[in-house]
Amino acid sequence: MVLNAPYTYPGLRGVRKAAEICLKCGVCCAVPEYGCPAQYDPQFNPKHTYVYDCLGAEKPASNPSIWQCVSCHKCEEMCPYEVSPLHFIEAMKQRALEAGEAPESITGEIEQVVNTGYAFPVTANTERLREELGLEPIQPTEDLKRIAEATGLRRLRK
Amino acid sequence: MKYSFFRGCFIPIRLPHVEKVAGMVLPKLGVHLQPVEGFTCCPEPIGVTVNHPLTGLAVSARNLALAEEQGHDIITLCNGCTYTLKQANETLKADSELRDRVNAILAETGHKYNGTVEVHHFAQVLTDAVGLDRVEAAVERPLTGLKVASHTGCHILSPPDVMGFDDPQVPVKLDQMIIALGATPLDYEYKTQCCGWTLSNYGDRNAAARLLGDKLTAMHAAGADSVNVICPQCLAQLDTGQMLAARSLKLDFRLPALFYLQYLALAMGYSLEEAGYDKHRVKDPGFEEKLRRILA
């Protein structure tokens, strides 16, 4: 298997190490007690781990597996070679969003945050619970729409 | 100790009883929670910041700027908020070019980020600023004999050089916090494994349920009466998530999950109902009975 992830990528936090140094030892996904949680998906096994699936895909940014990464840093903590697979997977997610290939769970949440200022919708139940507890109502904000306009995020939205 | 109170989204919207309990117990330890008008989502790391870092940084910078305008450090109630805001703060402090770029975006909102406040999870405030001696001194009814399995959660642990809370592979802080309340902490397999909340929301729901089942079974095998968490997503997963996973996995036990501040409230003399336990999905008569005996 050839590791097909971008070998290095320019991130906001600087250029990362190359994915090609991954020796495919599988340690990051080997132990259920403290390894990669995405390895729990039955399509992955010790010979084809979640991390190989992401780093070895033919079109990495189009691979639906990338969205299972929860950025928990377990792979980074386990890796004996300091590959930090999560940073490559995060770079793939950024490319996928740019290319319009992010799933609804992601684009919907981004929309929610930009439009209301919160990641979760304020429902009638929320308002009732807050009132019962004597907490003040939640106020929406317009500021994040202006931020999304200025960062170019709005351009990516349908 | 005055802090700008960053409630986040998940707690005020889905779990407001945790916000209520925070306001009941933290001021008793000298932690003043200053409300801040205009705080938004941190933003949520896996949905927003990871996928569009510039927007994520700008939204975080706006939140940090609001705290700067008040002149206080931020206190959070959530691992995710802490993860997002601490990383944004460190990134922007270290990179002046990026800071200028983000400030040009923030100008649209009338705010400016200067890098003059720090971000602390409430567990960090309790262990570092308040001190566990003072927490222990505030206990009126020690939770003697209650066996508690603590789940620290991923995003307060890593990356450790930025988060600065505990050892990601051998976390001990939550156990120390539990000891301060008079309860007994437990070791169990899967102690550092993820709760699975993010996996169930963005990835594979069934995989997340099996992961949670393994984790809960390990806690149960270790003899846990209940679970202790310090993150609202972890609480939702171990409570509502447990209720759902228990159906598909046919678990023959229930382990109530409580937020640390709820244990603190119980130890300070509040009732289970005042601590918001009635808002939870997973309740266990054995746990309630044991607690009643301990608190009697």
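**Chain A against chain B: reading the labels**

Modeller: The contact draws 63 residues from chain B and 53 residues from chain A. The model is predicted.

Biologist: How much area is buried between chain B and chain A?

Modeller: About 5,200 Å². Carbon and sulfur atoms give 63% of that area. On the chain B side, B:Ile13, B:Asn51 and B:Tyr202 lose the most area to chain A. Together they make up 12% of what that side buries.

Biologist: What makes B:Arg7 and A:Glu136 a salt bridge?

Modeller: Their closest N and O atoms are 3.3 Å apart. The limit is 4 Å, between a side-chain nitrogen of Lys or Arg and a carboxyl oxygen of Asp or Glu, so the pair qualifies. The count between chain B and chain A is three salt bridges.

Biologist: Why is the link from B:Arg7 to A:Glu136 called a polar contact too?

Modeller: The cut-off there is 3.5 Å between N or O atoms, and the side chains are joined at 3.3 Å, so that label holds as well. Across the interface, 20 residue pairs are in polar contact.

Biologist: Which elements give two or more residues to the side of chain B that touches chain A?

Modeller: They are α1, α2, α3, α4, α5, α6, α11 and α12 of chain B. The largest share, seven residues, comes from α4(B). By class, that side has 30 nonpolar, 19 polar and 14 charged residues.

Biologist: Back to B:Arg7. Why is B:Arg7 called buried?

Modeller: B:Arg7 has a relative accessible area of 18%. Buried means under 20%, so B:Arg7 is buried. B:Arg7 sits in the loop between β1 and α1 of chain B.

Biologist: What is B:Arg7 in contact with, leaving aside neighbours within four places in sequence?

Modeller: A:Tyr118, A:Arg130 and A:Glu136 from chain A, plus B:Pro12 and B:Glu19 from chain B. With B:Glu19, the side chains make a polar contact at 3.2 Å.

Biologist: Turn to helix α6 of chain A. Which of its residues are buried?

Modeller: A:Asp143, A:Leu144, A:Ile147, A:Ala148 and A:Thr151.

Biologist: How do you know that they are on the same side of α6(A)?

Modeller: They cover an arc of only 135 degrees around the axis, so they share one side.

Biologist: What covers the buried residues of α6(A)?

Modeller: The cover includes α4 and α7 of chain A, together with α4 and α6 of chain B. Just after the helix, A:Gly152 takes a positive phi of about 90 degrees.

Biologist: What makes a positive phi or a cis bond worth flagging?

Modeller: Most residues other than glycine have a negative phi, and most peptide bonds are trans. A:Ser84 is not a glycine, yet its phi is positive, about 55 degrees. A:Lys24 also has a positive phi of about 55 degrees without being a glycine.

Biologist: Where is each found, and is A:Ser84 buried or exposed?

Modeller: A:Ser84 is in the loop between α2 and α3 of chain A. At 12%, under the 20% limit, A:Ser84 is buried. A:Lys24 is in the loop between β2 and α1 of chain A. Its 35% falls between 20% and 50%, so A:Lys24 is partly exposed.

Biologist: Which peptide bonds are cis, with omega near 5 or -5 degrees?

Modeller: The bond from B:Cys42 to B:Pro43 is cis, with omega near 5 degrees. B:Pro43 lies in the loop between β2 and α3 of chain B. The bond from B:Ser158 to B:Pro159 is cis, with omega near -5 degrees. B:Pro159 lies in the loop between β5 and α9 of chain B.

Technical notes: Residues numbered from 1 in each chain as written. Chains lettered and ligands numbered in written order. Predicted model: local features only at pLDDT ≥ 70, side-chain atom pairs only at ≥ 80, totals over all residues. Heavy atoms only, no water. Buried < 20%, exposed > 50% of the residue type's maximum accessible area, 1.4 Å probe, protein only. Helix = DSSP H or I, 4+ residues; strand = E, 2+ residues; numbered from the N terminus. Arc of directions from axis to C-beta. Contact = heavy atoms within 4.5 Å. Polar contact = N/O pair within 3.5 Å; in protein donor to acceptor, adjacent residues only side chain to side chain. Buried area = accessible area lost by both parts, 1.4 Å probe. Nonpolar A, V, L, I, M, F, W, Y, C, P; charged D, E, K, R; others polar.
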